[in-house]
Amino acid sequence: MNFQTVVQRTSPVGRRELLARLTALADDTRLQILQLFMEQSELSAQEIMTTLGLSQSSASRQLNQLRSAGFLRERHSQGALKLYRVEAHHIEDTFQVLERLLTEEPPPEPVETPETVPELRYLLDAAGRITRWPSKQRERTAVFNYLLSHFETARRYTEREVNELLSQWHTFGDPVTLRRELVDAHLLLRERNGSSYWLPE
């Protein structure tokens, strides 16, 4: 029996599948198994067990994980003899996907709104301004996120600019308290002398 023909996939590799592939590679024994295929294109389970000194149960477990992640193909030869072949293109594809994932632009952070965050529903007026400082921590967290969504990343603000920005998004006229709450929660960073403020990375 020949190895099954590989069907070319058309759907992109998602994060979950990529993590499963990387997890399969994150083991010294499995890496040693893949190294064996650099010298021989096809190996039996028995040959792998003998070369690496693995028990049958250990070899079976490691080979199954590599096969499930797509790095090996398996076929039955004579009787119960199993032969394996490495999928070199699968290894190359995995690291191409990883490189693409690490270099692509992250998706924009969603802006908190009453429609997406129920805690804001009774805290904002029709213009989207906070009408009161909530007492519940869950509501405070929602307010923090809402206020921070109006700040620009990688920008330094003066204290006056922070106060002016916060004043645009609340009605009870206390930007100093809002600014202090954001700083105390370490959601807004500042120089020790208060000369500039910025969002943490």
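Me: Happy to look at this one with you! Which residues in H2 meet Gln62, Leu63, Gln65 and Leu66 in H4?
Reply: Keep in mind that this is a predicted model. The axes of H2 (28-36) and H4 (56-68) come within 10 Å of each other. On the H4 side of this contact stand Gln62, Leu63, Gln65 and Leu66. Their counterparts in H2 are Thr29, Arg30, Ile33 and Leu34.

Me: Nice. How is H2 oriented relative to H4?
Reply: The two axes cross at roughly 75 degrees. Angles of 65 to 115 degrees count as roughly perpendicular. Therefore H2 is, relative to H4, roughly perpendicular.

Me: Let me step back for the overview. What pattern does the protein follow along the sequence?
Reply: The protein has 201 residues, and 32% of them are buried. Its elements are eight helices and five strands. Read along the sequence, they give the pattern α-α-β-α-α-β-β-α-α-α-α-β-β.

Me: Now the open sheet of three strands: what is its strand order?
Reply: E1 and E3 run antiparallel and are joined by three bridges. E2 and E3 also pair in the antiparallel sense, over five bridges. E1 (42-44) and E2 (72-76) each have a single partner strand, so they stand at the edges. The order is E1-E3-E2.

Me: By how many degrees are neighbouring strands of this sheet turned against each other on average?
Reply: The pairing in this sheet is antiparallel, but the angle here ignores direction. On that basis, the average turn between neighbouring strands is 30 degrees.

Me: Which residue stands opposite Arg73?
Reply: E3 covers residues 82-86, and it takes part in both pairings of the sheet. On the E1 side, Leu43 stands opposite Tyr84 in E3. For Arg73, the residue opposite, also in E3, is Arg85.

Me: And which residue in the turn between E2 and E3 has a positive phi?
Reply: E2 and E3 form a hairpin, with five residues between them. In that turn, a positive phi of about 60 degrees belongs to Gly79.

Me: Good, on to H1. Which helices do its buried residues pack against?
Reply: In H1 (residues 15-25), the buried residues are Leu18, Arg21, Ala24 and Leu25. They fall within an arc of 120 degrees seen down the axis, so they line one face of the helix. Arg15, Arg16 and Leu19 are exposed on the other side. The buried residues pack against H2, H4 and H5 (88-103).

Me: What about H3: which of its residues are exposed on the other side from the buried ones?
Reply: H3 (residues 45-52) lies across E1 and E3, at about 80 degrees to E1. Its buried residues are Ala45, Ile48 and Met49, and their arc of only 100 degrees puts them on the same side of the helix. These buried residues pack against H2, E1, H4 and E3. Exposed on the other side of H3 are Thr50 and Thr51.

Me: I'd also like to know about the nonpolar interior. Which helix gives the largest share of the largest nonpolar core?
Reply: This core has 22 residues, and those with the most contacts inside it are Leu120, Phe151, Val162, Leu166 and Leu188. The elements giving two or more residues to it are H6 (137-148), H7 (159-168) and H8 (175-184). The largest share, six residues, comes from H6.

Me: How many residues are in the second, separate core?
Reply: Its members include Leu25, Leu36, Ala45 and Phe71. Two of these also came up above: Leu25 as a buried residue of H1, and Ala45 as a buried residue of H3. The number of residues in this second core is 19.

Me: Last one! Which residues in H8 meet Glu159, Val162, Asn163, Leu166 and Ser167 in H7?
Reply: The axes of H7 and H8 come within 9 Å and cross at roughly 110 degrees. That makes H7 roughly perpendicular to H8. Val162 and Leu166 are also among the residues that Phe151 touches. The partners in H8 are Pro175, Val176, Leu178, Arg179 and Leu182.

Note on methods: Residues numbered from 1 in each chain as written. Predicted model: local features only at pLDDT ≥ 70, side-chain atom pairs only at ≥ 80, totals over all residues. Heavy atoms only, no water. Pairing = 2+ DSSP bridges. Helix = DSSP H or I, 4+ residues; strand = E, 2+ residues; numbered from the N terminus. Axes fitted to C-alpha atoms, helices over the stretch in contact; angles between N-to-C directions. Contact = heavy atoms within 4.5 Å. Core = buried A, V, L, I, M, F, W, Y, C linked by side-chain atoms within 4.5 Å. Buried < 20%, exposed > 50% of the residue type's maximum accessible area, 1.4 Å probe, protein only. Arc of directions from axis to C-beta. Parallel < 35°, antiparallel > 145°, perpendicular 65-115°, else oblique. Lists of a residue's contacts leave out its neighbours within four places in sequence.
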